[in-house]
Amino acid sequence: MRLVALSCLLIIFAMLSMLLSVGCDDLTTEVNNNTYFDSTLGEDCLRCHSDDDNAIKQPKGQWAISQHASPELIEATVMLNTEERKTNVCGPQCHTSEGFIAFTANGSTSAQQTPSVIDCFTCHMPHTGDYGSWKIDTLRGFEVPVILAGDFDYDMGNSNMCVTCHQAETVPVIPTNALSVRLDTLGMDGPHNSAQAHMLIGKGGFRFTSDAVTNSHASVETKEGCLSCHFGTGLGYQFGEHTFRLEDDQTNEQYVANCNLSGCHISTPPSIADFDDTQIQDSIRSLSSTLAGYLLSAHILTGADEDSTEYYIDSTVSADAARILYNYLFVKKDGSRGIHNANYAVVLLTESVDRWDSIPQASFSADTTQGCVQLAVNFTNTSTGAINSYKWDFGTDNLDSAITRDAAFTFVKADTYLVKLTITGIAGQDSYTQVIIVDSIPTTDIVASDSTVDAGVPVNFTQTSTHASRFLWDFGDGRLDSTSTNPSISYSVAGTFVVRFTVTNTCSTATDSVSIDVVVP
(Lines give C-alpha, C1' and ligand atoms only; values in the text may rest on other atoms or scores of the structure.)
Protein backbone atom coordinates (compact mmCIF):
# COMPACT_ATOMS: atom_id res chain seq x y z
CA MET A 1 0.00 0.00 0.00
CA ARG A 2 2.81 2.34 0.85
CA LEU A 3 4.45 1.52 -2.47
CA VAL A 4 1.19 2.17 -4.33
CA ALA A 5 0.66 5.47 -2.50
CA LEU A 6 4.25 6.46 -3.21
CA SER A 7 3.84 5.54 -6.87
CA CYS A 8 0.69 7.65 -7.09
CA LEU A 9 2.45 10.58 -5.51
CA LEU A 10 5.34 10.25 -7.96
CA ILE A 11 2.92 10.12 -10.89
CA ILE A 12 1.06 13.22 -9.65
CA PHE A 13 4.37 15.01 -9.07
CA ALA A 14 5.53 14.11 -12.59
CA MET A 15 2.29 15.36 -14.08
CA LEU A 16 2.52 18.63 -12.17
CA SER A 17 6.13 19.01 -13.27
CA MET A 18 5.14 18.53 -16.89
CA LEU A 19 2.38 21.10 -16.56
CA LEU A 20 4.69 23.58 -14.93
CA SER A 21 7.45 23.01 -17.46
CA VAL A 22 5.39 23.23 -20.65
CA GLY A 23 2.41 25.27 -19.53
CA CYS A 24 1.15 28.15 -21.66
CA ASP A 25 2.43 30.71 -19.17
CA ASP A 26 6.00 29.53 -19.67
CA LEU A 27 5.64 29.06 -23.39
CA THR A 28 4.13 32.46 -24.03
CA THR A 29 6.53 34.47 -21.92
CA GLU A 30 9.55 33.68 -24.03
CA VAL A 31 11.64 36.80 -24.54
CA ASN A 32 14.12 37.93 -27.14
CA ASN A 33 17.10 40.19 -27.03
CA ASN A 34 16.86 43.49 -28.90
CA THR A 35 18.48 42.22 -32.07
CA TYR A 36 16.77 38.83 -32.53
CA PHE A 37 13.28 38.17 -33.88
CA ASP A 38 11.56 34.89 -33.03
CA SER A 39 9.01 34.11 -35.76
CA THR A 40 7.64 31.03 -33.96
CA LEU A 41 5.90 32.76 -31.04
CA GLY A 42 2.44 32.29 -32.58
CA GLU A 43 2.96 28.52 -32.49
CA ASP A 44 2.68 28.61 -28.68
CA CYS A 45 -1.06 28.20 -29.07
CA LEU A 46 -0.57 24.90 -30.86
CA ARG A 47 1.67 23.47 -28.16
CA CYS A 48 -1.34 23.22 -25.86
CA HIS A 49 -4.01 22.70 -28.51
CA SER A 50 -4.02 20.09 -31.24
CA ASP A 51 -2.63 21.23 -34.55
CA ASP A 52 -5.53 19.34 -36.14
CA ASP A 53 -7.83 22.11 -34.88
CA ASN A 54 -8.23 24.46 -37.84
CA ALA A 55 -10.00 27.01 -35.66
CA ILE A 56 -6.56 27.71 -34.21
CA LYS A 57 -4.35 26.70 -37.11
CA GLN A 58 -5.77 29.16 -39.63
CA PRO A 59 -5.47 32.27 -37.39
CA LYS A 60 -1.90 31.25 -36.61
CA GLY A 61 -1.14 31.08 -40.35
CA GLN A 62 -2.78 34.44 -40.92
CA TRP A 63 -0.89 35.98 -38.01
CA ALA A 64 2.42 34.79 -39.47
CA ILE A 65 2.04 37.04 -42.53
CA SER A 66 0.57 40.00 -40.69
CA GLN A 67 2.31 43.17 -39.55
CA HIS A 68 1.85 42.02 -35.95
CA ALA A 69 4.34 39.23 -36.64
CA SER A 70 6.75 41.57 -38.40
CA PRO A 71 10.30 42.05 -37.10
CA GLU A 72 9.90 45.75 -37.93
CA LEU A 73 7.76 46.06 -34.79
CA ILE A 74 10.71 44.95 -32.67
CA GLU A 75 13.18 47.06 -34.62
CA ALA A 76 10.93 50.09 -34.12
CA THR A 77 10.54 49.62 -30.39
CA VAL A 78 14.28 49.10 -29.95
CA MET A 79 14.80 52.47 -31.60
CA LEU A 80 12.03 54.08 -29.59
CA ASN A 81 13.48 52.76 -26.35
CA THR A 82 16.88 54.37 -26.91
CA GLU A 83 18.08 57.14 -24.65
CA GLU A 84 17.30 59.79 -27.27
CA ARG A 85 13.65 58.68 -27.57
CA LYS A 86 13.09 57.37 -24.05
CA THR A 87 10.14 59.67 -23.38
CA ASN A 88 8.16 58.10 -26.23
CA VAL A 89 5.57 55.63 -24.95
CA CYS A 90 4.33 54.33 -28.30
CA GLY A 91 7.05 51.73 -28.69
CA PRO A 92 6.61 49.76 -25.47
CA GLN A 93 2.81 49.71 -25.38
CA CYS A 94 2.04 49.06 -29.04
CA HIS A 95 5.15 47.48 -30.55
CA THR A 96 5.74 44.67 -28.06
CA SER A 97 3.65 41.87 -26.60
CA GLU A 98 4.92 42.47 -23.07
CA GLY A 99 4.36 46.20 -23.33
CA PHE A 100 0.78 45.90 -24.55
CA ILE A 101 -0.12 43.42 -21.81
CA ALA A 102 1.39 45.71 -19.16
CA PHE A 103 -0.35 48.77 -20.58
CA THR A 104 -3.80 47.18 -20.70
CA ALA A 105 -3.31 45.73 -17.23
CA ASN A 106 -2.18 48.82 -15.34
CA GLY A 107 -1.36 51.62 -17.78
CA SER A 108 2.38 50.94 -17.71
CA THR A 109 4.40 52.49 -20.55
CA SER A 110 7.78 51.27 -19.35
CA ALA A 111 10.35 50.32 -21.98
CA GLN A 112 10.66 46.60 -22.64
CA GLN A 113 14.27 45.53 -22.53
CA THR A 114 13.68 42.14 -24.20
CA PRO A 115 10.59 42.67 -26.37
CA SER A 116 8.61 40.04 -28.27
CA VAL A 117 6.30 40.56 -31.23
CA ILE A 118 2.52 40.79 -30.93
CA ASP A 119 1.29 37.18 -30.78
CA CYS A 120 -1.88 35.26 -29.88
CA PHE A 121 -1.82 35.94 -26.17
CA THR A 122 -1.04 39.62 -26.63
CA CYS A 123 -4.70 40.21 -27.49
CA HIS A 124 -6.46 37.06 -26.28
CA MET A 125 -6.87 35.68 -22.76
CA PRO A 126 -8.06 32.17 -23.68
CA HIS A 127 -8.19 30.71 -20.17
CA THR A 128 -9.79 33.62 -18.38
CA GLY A 129 -13.29 32.99 -17.05
CA ASP A 130 -14.45 29.62 -18.35
CA TYR A 131 -11.45 27.44 -17.46
CA GLY A 132 -10.97 24.18 -19.27
CA SER A 133 -12.20 25.36 -22.65
CA TRP A 134 -10.73 27.49 -25.41
CA LYS A 135 -12.24 30.93 -24.92
CA ILE A 136 -11.01 33.10 -27.80
CA ASP A 137 -13.44 35.97 -27.27
CA THR A 138 -11.91 37.26 -24.04
CA LEU A 139 -9.75 40.20 -25.05
CA ARG A 140 -7.27 42.38 -23.21
CA GLY A 141 -7.77 46.10 -22.85
CA PHE A 142 -11.48 45.97 -23.55
CA GLU A 143 -12.63 49.43 -22.53
CA VAL A 144 -15.95 51.14 -23.26
CA PRO A 145 -15.43 53.67 -24.62
CA VAL A 146 -11.79 54.20 -25.58
CA ILE A 147 -10.67 57.81 -25.25
CA LEU A 148 -8.63 58.55 -28.37
CA ALA A 149 -5.92 61.19 -28.54
CA GLY A 150 -7.62 64.57 -28.72
CA ASP A 151 -10.30 63.43 -26.23
CA PHE A 152 -12.56 61.69 -28.75
CA ASP A 153 -14.77 58.76 -27.75
CA TYR A 154 -14.55 55.46 -29.63
CA ASP A 155 -17.04 52.77 -28.65
CA MET A 156 -17.38 49.98 -31.20
CA GLY A 157 -17.40 46.61 -29.51
CA ASN A 158 -14.38 44.33 -29.71
CA SER A 159 -12.50 46.76 -31.95
CA ASN A 160 -12.08 48.98 -28.87
CA MET A 161 -9.02 46.84 -28.17
CA CYS A 162 -7.62 47.47 -31.65
CA VAL A 163 -7.75 51.25 -31.35
CA THR A 164 -5.73 51.18 -28.16
CA CYS A 165 -2.85 51.37 -30.63
CA HIS A 166 -4.44 52.09 -33.99
CA GLN A 167 -5.02 55.79 -33.46
CA ALA A 168 -3.19 59.06 -33.90
CA GLU A 169 -0.29 59.39 -31.50
CA THR A 170 -1.14 63.06 -30.92
CA VAL A 171 -3.76 65.48 -32.14
CA PRO A 172 -2.11 68.89 -31.94
CA VAL A 173 -3.84 71.88 -30.40
CA ILE A 174 -3.18 75.05 -32.37
CA PRO A 175 -4.99 77.98 -30.72
CA THR A 176 -7.27 79.93 -33.04
CA ASN A 177 -5.30 83.13 -32.34
CA ALA A 178 -1.92 81.52 -33.10
CA LEU A 179 -0.08 83.23 -35.97
CA SER A 180 2.74 80.69 -36.32
CA VAL A 181 3.76 77.34 -34.90
CA ARG A 182 6.84 75.10 -34.73
CA LEU A 183 6.22 71.91 -36.64
CA ASP A 184 7.67 69.73 -33.90
CA THR A 185 4.49 70.47 -31.92
CA LEU A 186 2.69 68.14 -34.35
CA GLY A 187 4.28 65.11 -32.68
CA MET A 188 6.97 62.63 -33.55
CA ASP A 189 5.69 61.57 -36.95
CA GLY A 190 2.78 63.74 -37.87
CA PRO A 191 -0.50 62.00 -37.04
CA HIS A 192 1.08 58.50 -37.04
CA ASN A 193 1.25 55.77 -39.60
CA SER A 194 -1.91 53.64 -39.63
CA ALA A 195 -4.09 56.06 -37.65
CA GLN A 196 -7.37 54.47 -38.67
CA ALA A 197 -9.51 55.11 -35.57
CA HIS A 198 -9.59 58.89 -35.94
CA MET A 199 -10.23 58.68 -39.67
CA LEU A 200 -12.97 56.09 -39.15
CA ILE A 201 -14.95 58.31 -36.77
CA GLY A 202 -14.11 61.51 -38.70
CA LYS A 203 -12.29 63.30 -35.88
CA GLY A 204 -8.85 64.79 -35.34
CA GLY A 205 -8.26 66.69 -38.57
CA PHE A 206 -8.45 70.48 -38.86
CA ARG A 207 -11.67 71.85 -40.40
CA PHE A 208 -11.84 75.28 -42.01
CA THR A 209 -15.64 75.38 -42.31
CA SER A 210 -18.49 74.25 -40.09
CA ASP A 211 -20.23 72.19 -42.78
CA ALA A 212 -21.39 68.79 -41.54
CA VAL A 213 -19.77 65.68 -43.03
CA THR A 214 -21.55 62.35 -43.36
CA ASN A 215 -19.37 59.48 -42.19
CA SER A 216 -18.75 57.12 -45.10
CA HIS A 217 -18.74 54.18 -42.69
CA ALA A 218 -21.35 55.35 -40.21
CA SER A 219 -22.93 51.90 -40.27
CA VAL A 220 -19.91 50.28 -38.59
CA GLU A 221 -20.47 52.42 -35.49
CA THR A 222 -23.38 50.14 -34.58
CA LYS A 223 -21.37 47.03 -35.37
CA GLU A 224 -17.77 46.11 -34.50
CA GLY A 225 -15.90 49.11 -35.91
CA CYS A 226 -12.62 47.93 -37.45
CA LEU A 227 -13.65 44.29 -37.20
CA SER A 228 -16.84 44.90 -39.22
CA CYS A 229 -14.71 45.04 -42.36
CA HIS A 230 -11.39 43.47 -41.47
CA PHE A 231 -12.62 40.35 -39.69
CA GLY A 232 -14.95 37.69 -41.00
CA THR A 233 -14.91 34.39 -42.80
CA GLY A 234 -11.71 35.30 -44.58
CA LEU A 235 -10.35 33.76 -47.74
CA GLY A 236 -7.44 31.63 -46.70
CA TYR A 237 -4.22 32.81 -45.13
CA GLN A 238 -3.36 35.69 -47.47
CA PHE A 239 -5.87 38.27 -46.30
CA GLY A 240 -8.88 38.82 -44.10
CA GLU A 241 -9.23 38.05 -40.38
CA HIS A 242 -5.88 37.97 -38.53
CA THR A 243 -3.90 39.44 -41.41
CA PHE A 244 -6.24 42.47 -41.31
CA ARG A 245 -5.28 43.07 -44.95
CA LEU A 246 -8.19 43.31 -47.35
CA GLU A 247 -6.16 43.03 -50.54
CA ASP A 248 -3.73 40.27 -51.47
CA ASP A 249 -0.59 42.00 -52.73
CA GLN A 250 0.32 38.86 -54.67
CA THR A 251 -2.91 38.21 -56.54
CA ASN A 252 -4.58 41.65 -56.12
CA GLU A 253 -7.67 39.77 -54.97
CA GLN A 254 -9.83 41.86 -52.61
CA TYR A 255 -11.96 40.75 -49.70
CA VAL A 256 -15.24 42.60 -50.07
CA ALA A 257 -17.59 40.06 -48.45
CA ASN A 258 -17.99 42.16 -45.31
CA CYS A 259 -18.76 45.26 -47.40
CA ASN A 260 -21.77 43.72 -49.11
CA LEU A 261 -23.85 43.04 -46.04
CA SER A 262 -27.22 44.29 -44.89
CA GLY A 263 -26.98 47.89 -43.75
CA CYS A 264 -23.79 48.48 -45.72
CA HIS A 265 -23.25 48.34 -49.50
CA ILE A 266 -25.90 45.69 -50.13
CA SER A 267 -28.62 48.32 -50.46
CA THR A 268 -27.49 51.93 -50.89
CA PRO A 269 -25.10 52.39 -52.57
CA PRO A 270 -25.07 49.12 -54.59
CA SER A 271 -22.73 46.28 -53.70
CA ILE A 272 -19.09 46.78 -54.60
CA ALA A 273 -16.65 44.55 -56.46
CA ASP A 274 -13.47 46.29 -55.34
CA PHE A 275 -12.29 49.14 -53.14
CA ASP A 276 -11.08 51.44 -55.88
CA ASP A 277 -14.01 53.81 -56.29
CA THR A 278 -12.51 55.74 -59.19
CA GLN A 279 -14.26 59.03 -58.52
CA ILE A 280 -13.43 59.21 -54.82
CA GLN A 281 -9.96 57.69 -55.08
CA ASP A 282 -9.00 59.94 -57.99
CA SER A 283 -10.23 62.95 -56.03
CA ILE A 284 -8.18 62.02 -52.96
CA ARG A 285 -5.09 61.32 -55.08
CA SER A 286 -5.44 64.60 -56.97
CA LEU A 287 -6.05 66.70 -53.87
CA SER A 288 -3.13 65.05 -52.05
CA SER A 289 -0.86 65.71 -55.02
CA THR A 290 -1.91 69.38 -55.12
CA LEU A 291 -1.20 69.82 -51.42
CA ALA A 292 2.14 68.06 -51.74
CA GLY A 293 3.10 70.57 -54.44
CA TYR A 294 2.13 73.50 -52.23
CA LEU A 295 4.00 72.14 -49.20
CA LEU A 296 7.10 71.38 -51.24
CA SER A 297 7.14 74.85 -52.84
CA ALA A 298 6.85 76.43 -49.39
CA HIS A 299 9.80 74.30 -48.16
CA ILE A 300 7.65 72.58 -45.55
CA LEU A 301 7.97 69.08 -47.02
CA THR A 302 11.58 68.07 -47.64
CA GLY A 303 10.92 66.03 -50.80
CA ALA A 304 13.62 63.62 -49.67
CA ASP A 305 11.33 60.59 -49.28
CA GLU A 306 9.40 58.58 -51.82
CA ASP A 307 5.93 59.07 -50.31
CA SER A 308 6.37 62.83 -49.65
CA THR A 309 5.57 62.82 -45.93
CA GLU A 310 8.92 63.93 -44.49
CA TYR A 311 8.89 67.55 -43.33
CA TYR A 312 11.31 70.03 -41.76
CA ILE A 313 10.31 69.29 -38.19
CA ASP A 314 12.29 72.12 -36.55
CA SER A 315 10.94 74.92 -38.76
CA THR A 316 8.29 77.52 -37.93
CA VAL A 317 5.39 78.13 -40.32
CA SER A 318 2.10 79.98 -40.28
CA ALA A 319 -0.58 78.41 -38.12
CA ASP A 320 -2.79 77.41 -41.02
CA ALA A 321 0.16 75.97 -42.94
CA ALA A 322 0.74 73.71 -39.94
CA ARG A 323 -2.94 72.72 -39.90
CA ILE A 324 -2.86 71.97 -43.63
CA LEU A 325 0.30 69.89 -43.25
CA TYR A 326 -1.38 67.87 -40.51
CA ASN A 327 -4.48 67.26 -42.67
CA TYR A 328 -2.25 66.14 -45.54
CA LEU A 329 -0.36 63.71 -43.29
CA PHE A 330 -3.59 62.60 -41.62
CA VAL A 331 -4.96 61.31 -44.93
CA LYS A 332 -1.62 60.24 -46.42
CA LYS A 333 -0.59 58.12 -43.44
CA ASP A 334 -3.97 56.48 -42.83
CA GLY A 335 -2.96 53.71 -45.20
CA SER A 336 -6.42 53.00 -46.61
CA ARG A 337 -6.28 55.45 -49.55
CA GLY A 338 -9.22 57.22 -47.90
CA ILE A 339 -11.46 54.16 -47.75
CA HIS A 340 -11.85 54.26 -43.96
CA ASN A 341 -13.84 57.48 -44.29
CA ALA A 342 -13.68 58.83 -47.83
CA ASN A 343 -16.10 61.71 -47.19
CA TYR A 344 -14.00 63.00 -44.30
CA ALA A 345 -10.75 62.58 -46.25
CA VAL A 346 -12.09 64.54 -49.23
CA VAL A 347 -13.40 67.34 -47.02
CA LEU A 348 -10.11 67.70 -45.14
CA LEU A 349 -8.11 67.84 -48.37
CA THR A 350 -10.55 70.10 -50.23
CA GLU A 351 -10.76 72.63 -47.41
CA SER A 352 -6.97 72.58 -47.07
CA VAL A 353 -6.45 73.27 -50.78
CA ASP A 354 -8.98 76.13 -50.65
CA ARG A 355 -7.40 77.54 -47.49
CA TRP A 356 -3.88 77.53 -48.91
CA ASP A 357 -4.53 80.62 -51.04
CA SER A 358 -5.38 82.57 -47.87
CA ILE A 359 -2.14 81.77 -46.08
CA PRO A 360 0.19 84.79 -45.99
CA GLN A 361 3.38 84.01 -47.90
CA ALA A 362 5.86 86.87 -47.68
CA SER A 363 8.22 87.93 -50.44
CA PHE A 364 9.58 91.15 -51.93
CA SER A 365 12.11 92.39 -54.46
CA ALA A 366 14.66 95.22 -54.23
CA ASP A 367 15.67 97.43 -57.16
CA THR A 368 19.28 97.13 -56.00
CA THR A 369 20.98 94.96 -53.40
CA GLN A 370 24.47 96.52 -53.27
CA GLY A 371 25.91 100.02 -53.55
CA CYS A 372 27.59 102.96 -51.80
CA VAL A 373 26.62 104.88 -48.69
CA GLN A 374 23.50 106.95 -49.15
CA LEU A 375 22.18 103.92 -51.02
CA ALA A 376 18.48 104.42 -51.80
CA VAL A 377 16.58 101.15 -52.24
CA ASN A 378 12.99 100.66 -53.35
CA PHE A 379 11.29 97.50 -52.05
CA THR A 380 8.35 96.03 -53.98
CA ASN A 381 6.06 93.73 -52.04
CA THR A 382 5.24 90.50 -53.91
CA SER A 383 3.56 88.68 -50.99
CA THR A 384 0.45 86.58 -51.53
CA GLY A 385 -2.49 85.46 -49.40
CA ALA A 386 -5.06 87.24 -47.27
CA ILE A 387 -2.96 89.94 -45.57
CA ASN A 388 -4.10 92.42 -42.92
CA SER A 389 -0.83 94.13 -42.01
CA TYR A 390 2.77 94.64 -43.13
CA LYS A 391 5.89 95.44 -41.13
CA TRP A 392 9.33 96.24 -42.56
CA ASP A 393 12.53 96.01 -40.54
CA PHE A 394 15.52 97.50 -42.36
CA GLY A 395 18.12 96.02 -40.02
CA THR A 396 19.55 99.31 -38.78
CA ASP A 397 20.71 100.03 -35.27
CA ASN A 398 17.90 102.50 -34.64
CA LEU A 399 15.28 99.90 -35.70
CA ASP A 400 13.88 101.90 -38.61
CA SER A 401 10.66 100.31 -39.85
CA ALA A 402 7.61 100.88 -42.01
CA ILE A 403 4.07 99.45 -42.10
CA THR A 404 3.22 100.15 -45.75
CA ARG A 405 2.77 97.51 -48.43
CA ASP A 406 5.81 98.69 -50.39
CA ALA A 407 8.74 100.56 -48.87
CA ALA A 408 11.77 102.72 -49.66
CA PHE A 409 14.80 103.30 -47.48
CA THR A 410 18.18 105.07 -47.69
CA PHE A 411 21.17 103.39 -46.02
CA VAL A 412 23.67 105.96 -44.74
CA LYS A 413 26.32 103.68 -43.21
CA ALA A 414 28.51 101.02 -44.73
CA ASP A 415 27.38 97.61 -43.49
CA THR A 416 25.53 94.42 -44.41
CA TYR A 417 21.84 94.74 -43.63
CA LEU A 418 19.13 92.06 -43.26
CA VAL A 419 15.88 93.59 -44.45
CA LYS A 420 12.86 91.68 -43.17
CA LEU A 421 9.19 91.88 -44.15
CA THR A 422 6.61 90.34 -41.84
CA ILE A 423 3.01 89.96 -43.00
CA THR A 424 0.02 88.95 -40.92
CA GLY A 425 -3.42 87.67 -41.89
CA ILE A 426 -6.28 85.61 -40.54
CA ALA A 427 -4.56 82.42 -41.73
CA GLY A 428 -1.25 83.12 -39.98
CA GLN A 429 1.98 85.08 -40.20
CA ASP A 430 5.01 84.81 -42.46
CA SER A 431 8.27 86.67 -43.04
CA TYR A 432 10.89 87.06 -45.75
CA THR A 433 14.47 88.37 -45.48
CA GLN A 434 16.90 89.77 -48.03
CA VAL A 435 20.52 90.95 -47.73
CA ILE A 436 21.53 94.53 -48.71
CA ILE A 437 25.26 95.35 -48.87
CA VAL A 438 26.28 99.01 -48.46
CA ASP A 439 29.89 100.05 -49.22
CA SER A 440 31.91 103.20 -48.49
CA ILE A 441 34.35 104.88 -50.88
CA PRO A 442 37.57 102.83 -50.68
CA THR A 443 40.91 104.27 -49.44
CA THR A 444 44.44 102.97 -49.78
CA ASP A 445 48.04 103.76 -48.86
CA ILE A 446 51.26 101.90 -49.67
CA VAL A 447 54.77 102.06 -48.18
CA ALA A 448 58.02 100.63 -49.64
CA SER A 449 60.80 99.32 -47.41
CA ASP A 450 63.35 101.28 -49.52
CA SER A 451 63.08 103.92 -52.22
CA THR A 452 66.53 103.08 -53.64
CA VAL A 453 67.75 99.51 -53.95
CA ASP A 454 70.40 97.55 -55.74
CA ALA A 455 69.35 95.38 -58.64
CA GLY A 456 68.45 91.89 -57.39
CA VAL A 457 67.76 93.06 -53.82
CA PRO A 458 64.14 92.56 -52.69
CA VAL A 459 61.98 95.52 -51.76
CA ASN A 460 58.98 94.99 -49.49
CA PHE A 461 55.62 96.75 -49.99
CA THR A 462 53.03 97.24 -47.25
CA GLN A 463 49.51 98.49 -47.96
CA THR A 464 46.66 99.68 -45.78
CA SER A 465 43.23 100.01 -47.32
CA THR A 466 39.57 100.20 -46.32
CA HIS A 467 36.32 99.03 -47.96
CA ALA A 468 38.20 97.24 -50.72
CA SER A 469 36.63 94.26 -52.45
CA ARG A 470 39.30 93.89 -55.18
CA PHE A 471 42.88 95.11 -55.60
CA LEU A 472 45.73 95.11 -58.12
CA TRP A 473 49.49 95.71 -57.90
CA ASP A 474 51.34 97.19 -60.92
CA PHE A 475 55.12 97.06 -60.31
CA GLY A 476 56.00 99.34 -63.24
CA ASP A 477 57.95 96.77 -65.21
CA GLY A 478 54.99 94.97 -66.79
CA ARG A 479 54.34 92.69 -63.84
CA LEU A 480 50.81 92.65 -62.31
CA ASP A 481 49.66 90.94 -59.09
CA SER A 482 46.09 90.66 -57.77
CA THR A 483 46.62 87.98 -55.13
CA SER A 484 49.37 89.24 -52.81
CA THR A 485 48.44 91.50 -49.92
CA ASN A 486 51.94 92.74 -49.01
CA PRO A 487 54.31 91.54 -51.78
CA SER A 488 58.10 91.44 -51.89
CA ILE A 489 59.86 91.73 -55.29
CA SER A 490 63.25 92.53 -56.82
CA TYR A 491 64.28 94.21 -60.07
CA SER A 492 67.04 92.85 -62.32
CA VAL A 493 67.84 96.05 -64.24
CA ALA A 494 68.57 99.65 -63.26
CA GLY A 495 65.91 102.33 -63.64
CA THR A 496 63.07 104.17 -61.92
CA PHE A 497 59.90 102.16 -61.49
CA VAL A 498 56.52 103.58 -60.42
CA VAL A 499 54.61 101.02 -58.31
CA ARG A 500 50.82 101.52 -58.22
CA PHE A 501 48.32 99.83 -55.90
CA THR A 502 44.62 100.10 -56.91
CA VAL A 503 41.61 99.09 -54.82
CA THR A 504 37.98 99.00 -55.93
CA ASN A 505 34.46 98.23 -54.69
CA THR A 506 30.98 98.89 -56.00
CA CYS A 507 31.31 102.55 -55.12
CA SER A 508 34.61 103.71 -56.56
CA THR A 509 38.34 103.16 -57.11
CA ALA A 510 41.32 104.41 -55.08
CA THR A 511 45.01 104.33 -56.11
CA ASP A 512 48.32 105.07 -54.38
CA SER A 513 51.83 104.87 -55.86
CA VAL A 514 55.50 105.00 -54.92
CA SER A 515 58.74 105.30 -56.99
CA ILE A 516 61.61 102.87 -56.64
CA ASP A 517 65.11 103.70 -57.97
CA VAL A 518 67.09 100.60 -58.91
CA VAL A 519 70.88 100.93 -59.32
CA VAL A 520 73.62 98.53 -60.45
CA PRO A 521 76.31 98.24 -57.78
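Ser365 stands opposite Thr380 in strand E8. The model is a predicted one. Strand E8 covers residues 375-381 and is joined to E6 by three bridges. The two strands run antiparallel. They belong to an open sheet of three strands. The order is E6-E8-E11, and the pairing is antiparallel. Strand E6 (364-366) and strand E11 (407-411) are the edge strands. Each of these edge strands pairs on one side only. From one strand to the next, the twist averages 25°. In general, strands of a sheet pair through backbone hydrogen bonds, and the pairing can be parallel or antiparallel.

Salt bridges were examined next. A search of the whole structure finds six of them. One set of charged residues forms a network: Asp320, Arg323 and Arg355 are linked by salt bridges. Within this network, Arg323 forms a salt bridge with Asp320. The closest N and O atoms of Arg323 and Asp320 are 2.5 Å apart. Both residues lie in helix H13 (residues 319-332). Arg323 and Asp320 are three residues apart there, so about one helical turn separates them. Arg323 is buried, and Asp320 is buried too.

Asp320 also forms a salt bridge with Arg355. Here, too, the closest N and O atoms are 2.5 Å apart. Asp320 lies in helix H13, whereas Arg355 lies in helix H14 (residues 342-356), so the pair ties together parts that are 35 residues apart in sequence. The two partners differ in exposure. Asp320 has a relative accessible area of 2% and is buried. Arg355 counts as partly exposed because its relative accessibility is 22%, and buried means under 20%.

Another salt bridge joins the side chains of Asp184 and Arg182, with an N to O distance of 2.8 Å. Asp184 is partly exposed, at a relative accessible area of 34%. Arg182 is likewise partly exposed, at 39%.

Aromatic contacts were then considered. A search of the whole structure finds 20 aromatic pairs. One of them is formed by Phe330 and Tyr344. Their ring centres lie 6.1 Å apart, with 80° between the planes. This geometry is edge-to-face. Phe330 lies in helix H13 and Tyr344 in helix H14, so the pair ties together parts that are 14 residues apart in sequence. Phe330 is buried, with a relative accessible area of 2%. Tyr344 also counts as buried, at 5% relative accessibility. Helices H13 and H14 are thus tied by the aromatic pair of Phe330 and Tyr344 and by the salt bridge of Asp320 and Arg355.

A second aromatic pair is tilted. The rings of Phe411 and Tyr417 have their centres 4.8 Å apart, and their planes stand at 45°. Phe411 and Tyr417 are both buried. These two residues also belong to a cluster linked by ring pairs. The other members of the cluster are Phe364, Phe379, Trp392, Phe394, Phe409 and Tyr432. Several of these rings sit on strands of the sheet described above. Phe364 falls within strand E6 (364-366), and Phe379 within strand E8 (residues 375-381). Phe409 and Phe411 fall within strand E11 (407-411).

A charge and a ring meet elsewhere in the model. The charged end of Arg479 sits over the ring of Tyr491. The distance from this charged end to the ring centre is 5.5 Å.

Definitions and conventions:
Residues are numbered from 1 along each chain as its sequence is written. This is a predicted model: local features need pLDDT of at least 70, side-chain atom pairs count only at pLDDT 80 or more; totals for chains, interfaces and linings use all residues. Side-chain values use heavy atoms; hydrogens and water are left out. A salt bridge is a side-chain nitrogen of Lys or Arg within 4 Å of a carboxyl oxygen of Asp or Glu. Buried means under 20% relative accessible area, exposed over 50%, partly exposed in between (1.4 Å probe, protein chains only). Helices (H or I, at least four residues) and strands (E, at least two) are DSSP runs, numbered from the N terminus. Two strands pair if DSSP finds at least two bridges between them. Axes are lines fitted to C-alpha atoms, for helices over the stretch in contact, and angles run from 0 to 180 degrees between N-to-C directions. Rings of Phe, Tyr and Trp (its six-membered ring) pair if their centres lie within 6.5 Å; planes under 30 degrees apart count as stacked, over 60 as edge-to-face and the rest as tilted. A charge sits over a ring if NZ of Lys or CZ of Arg is within 6 Å of the ring centre and within 35 degrees of the ring normal.
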